[in-house]
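Below are my notes on the strand pairing and the nonpolar core, set out as numbered points for your review.

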Amino acid sequence: MTPYNTNTQGFDFQVLLQTAAMAPGPGMISKVESISGEGIMVTLYHNAHFSSQVSFLASTSVRVGDKVVQGQSLGISQGIVRMRLKLDGVAVCPYGYLNTDSRSRIHTVLLSQGGAASPCQ
């Protein structure tokens with residue numbers, strides 16, 4: 001996993017090829033598009049303020065208009081899954097919006113990699 005990066009505006013998670021990429025929260029699929037250098041990107045509309053994007057997908061199992069629940073598969077990864085969170089259209093570090101268990105796992109991974117204790121530097 002890489003810490004939040006202002007250039008990519010998200011977290012990158014190294015995963016096994018063909019790993020299912022999951023919805024970070026409930027919402028409606030608002031866009032599915034192919035992005036040069038990022039593969040397929042799925043955008044989820046969560047509410048009037050929050051949206052998220054999951055990219056580096058090799059294939060997708062959702063279409064625009066689909067409603068999804070947290071943890072539902074959005075598609076199959078290319079070996080990396082990038083997660084972005086936007087608040088009122090502006091990218092923000094998603095770390096503070098994750099539940100305690102997820103934050104703890106990210107913290108442990110970063111420290112095991114010799115990285116910073118905070119992923120949002």
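1. In strand S8, Val81 is the bridge partner of Phe13, and the pairing of strand S2 (residues 10-14) with S8 is antiparallel over four bridges. Strands here are DSSP runs (E, at least two residues) numbered from the N terminus, and two strands count as paired if DSSP finds at least two bridges between them.

2. The model is predicted, with local features needing pLDDT of at least 70 and side-chain atom pairs counted only at pLDDT 80 or more, while totals for chains, interfaces and linings use all residues. Residues are numbered from 1 along each chain as its sequence is written, and side-chain values use heavy atoms, with hydrogens and water left out.

3. S8 also pairs antiparallel with S6 over nine bridges, where Ser59 has Ile76 as its partner in S8. Strand S3 (residues 20-22) runs antiparallel to S8 and is joined to it by three bridges, with Met22 opposite Ser73 as bridge partner.

4. Strand S9 (residues 90-92) is joined to S8 by three antiparallel bridges, and Leu85 is partnered there by Val92. These two strands form a hairpin with two residues between them, and Asp88 in the turn has a positive phi of about 50°.

5. The largest nonpolar core has 12 residues, including Val68 and Val81; such a core is a set of buried (under 20% relative accessible area, 1.4 Å probe, protein chains only) Ala, Val, Leu, Ile, Met, Phe, Trp, Tyr and Cys residues joined through side-chain atoms within 4.5 Å. S5 (39-45), S6 (50-60) and S8 (73-87) each give two or more residues to this core, and S5 gives the most, with three.

Key
Buried < 20%, exposed > 50% of the residue type's maximum accessible area, 1.4 Å probe, protein only.
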